[in-house]
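Biologist: Could you pull up the model and walk me through it? I'd like to go helix by helix and then look at the empty space.

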Amino acid sequence: FYNKKENKKLITIPMVHLNHQEFYDDVKYKLDSLRKQNYTIFYESVRLDTTLYSKEEIDTIKMKARKLMGFHLTAYNDKENKSLPKALRNSKYANQTRENIGLTKTDIKIDVPLDTLLRVFELKYNRIILGPCDYLTGLKQEYNCQQVSSFKRDDVIMSIRNQYIEYKVLNSPYDKIALVYGKNHFKELNESFKKKGYKHLKEYK
């Protein structure tokens, strides 16, 4: 993408969080190349800062997040996490990590952390109430408890995060940005960038 008025360049790199290692090697190569061209790397991560909470509070956040997402968030190929779809946890594919795509300390995380996502959900919709089923089901056990509606889930997990990403990109002081994010985010984001004056030039390969 190129914004002529702002003289800004934006490269989007859609990610699949479970894929062949060769895919991540290619992403790492691209990011290394883009840094040499003075691009600033923006990446996603909803990782919780556990230093801010007690163990009990962390457990509650994890259970609420599971109720929101329908599974306990770990590596997607975690064979011990039976809350994940079977096709994922038994996959022979590699899981995306900071290391295998070559993220560095100079790269910038632009995302909404898990605790903030939960607060946004509860402010916009309703408090997430944990029941006996949630407390009695281990985080990595198969999850059959009542979940949040898919509409509300997608609004927070996708749309709210997309709004934040768009804001950070559009208001960034950097004139060359590479945005590394899950591919499902870009259908909405690409249209938003076009409306804000970014012209799609070509696919980055």
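What follows is a chat in questions and answers about this predicted model.

Biologist: Let's start with α1: how far does helix α1 reach from its first C-alpha to its last?

Modeller: Helix α1 covers residues 21–36, which makes 16 residues. At 1.5 Å a residue, 22 Å is expected. The model comes close to that, with a reach of 23 Å.

Biologist: Where do the buried residues of α1 sit around its axis?

Modeller: The buried set is Tyr24, Val27, Lys30, Leu31, Leu34 and Arg35. Looking down the axis, you find them within an arc of 135°. Glu22, Tyr29 and Lys36 are exposed on the other side. The arc is why the buried residues of α1 line one face of the helix.

Biologist: And what covers those buried residues of α1?

Modeller: Strands turn up here. The cover includes β3 (18–19), β4 (40–43) and β5 (94–95). Also included are β2 (8–15) and β7 (176–182).

Biologist: Which residue with a positive phi follows α1?

Modeller: Look in the loop between α1 and β4. The residue there has a relative accessible area of 61%, so it counts as exposed. Its phi is positive, about 70°, although it is not a glycine. Most residues other than glycine have a negative phi. The one that follows α1 is asparagine 38.

Biologist: Asparagine 7 isn't a glycine either, so what is its phi?

Modeller: Asparagine 7 belongs to the loop between β1 (2–3) and β2. With 48% relative accessibility, asparagine 7 counts as partly exposed. Its phi is positive, at about 55°.

Biologist: On to α2: how far apart are its end C-alpha atoms?

Modeller: α2 has 15 residues, and at 1.5 Å a residue they should span 21 Å. The model agrees, with the end C-alpha atoms 21 Å apart.

Biologist: What covers the buried residues of α2?

Modeller: The buried residues of α2 include Ile58, Ile61, Met63 and Leu68. Charged side chains are on that list too, among them Lys64, Arg66 and Lys67. Their cover includes α4, α5 (132–136) and α6.

Biologist: Which residue takes a positive phi just after α2?

Modeller: The phi there is about 95°. The residue just after α2 is glycine 70.

Biologist: How are the buried residues of α4 arranged, and what covers them?

Modeller: Leu114, Asp115, Leu117, Leu118 and Phe121 are the buried ones. They take up an arc of only 160° around the axis, so they are on the same side of α4. Their cover includes α2 and α6.

Biologist: How far is threonine 50 from aspartate 115 in space?

Modeller: Threonine 50 is in the loop between β4 and α2. With a relative accessible area of 42%, threonine 50 is partly exposed. In sequence, threonine 50 and aspartate 115 are 65 residues apart. In space, C-alpha to C-alpha, the separation is 10.0 Å.

Biologist: Now the empty space: which element gives the largest share of the lining of the largest pocket?

Modeller: About 1500 Å³ of space lies in the largest pocket. Of its 42 lining residues, His17, Val46, Leu73, Thr74 and Tyr76 are the closest to the centre. Two or more residues come from each of α2 (55–69), α4 (114–124) and α6 (150–170). The largest share, 5 residues, comes from α6.

Biologist: How many residues of each class does that lining have?

Modeller: Sorting the lining of the largest pocket by class gives three groups. The counts are 19 nonpolar, 11 polar and 12 charged residues.

Biologist: Is phenylalanine 193 buried or exposed, and what is it in contact with?

Modeller: Phenylalanine 193 is in helix α7 (residues 186–195). Its relative accessibility is 0%, so it counts as buried. Leucine 10 is 183 residues away in sequence, yet 9.4 Å away in space, C-alpha to C-alpha. Leaving aside neighbours within four places in sequence, the contacts of phenylalanine 193 are Leu10, Glu166, Val169, Leu170, Leu179 and Tyr198.

Biologist: Last one: how far apart in space are lysine 92 and proline 173?

Modeller: Lysine 92 is in the loop between α3 (86–89) and β5. At 84% relative accessibility, lysine 92 counts as exposed. Lysine 92 and proline 173 are 81 residues apart in sequence. Their C-alpha atoms are separated in space by 41 Å.

Conventions:
Residues numbered from 1 in each chain as written. Predicted model: local features only at pLDDT ≥ 70, side-chain atom pairs only at ≥ 80, totals over all residues. Heavy atoms only, no water. Helix = DSSP H or I, 4+ residues; strand = E, 2+ residues; numbered from the N terminus. Expected span 1.5 Å × (residues − 1). Buried < 20%, exposed > 50% of the residue type's maximum accessible area, 1.4 Å probe, protein only. Arc of directions from axis to C-beta. Contact = heavy atoms within 4.5 Å. 1 Å grid on protein atoms, 1.4 Å probe; cavity = no way out; pocket = protein on both sides within 12 Å on 5 of 7 lines; lining within 4 Å. Points joined across faces, edges and corners; volume = space filled by probe spheres on them.
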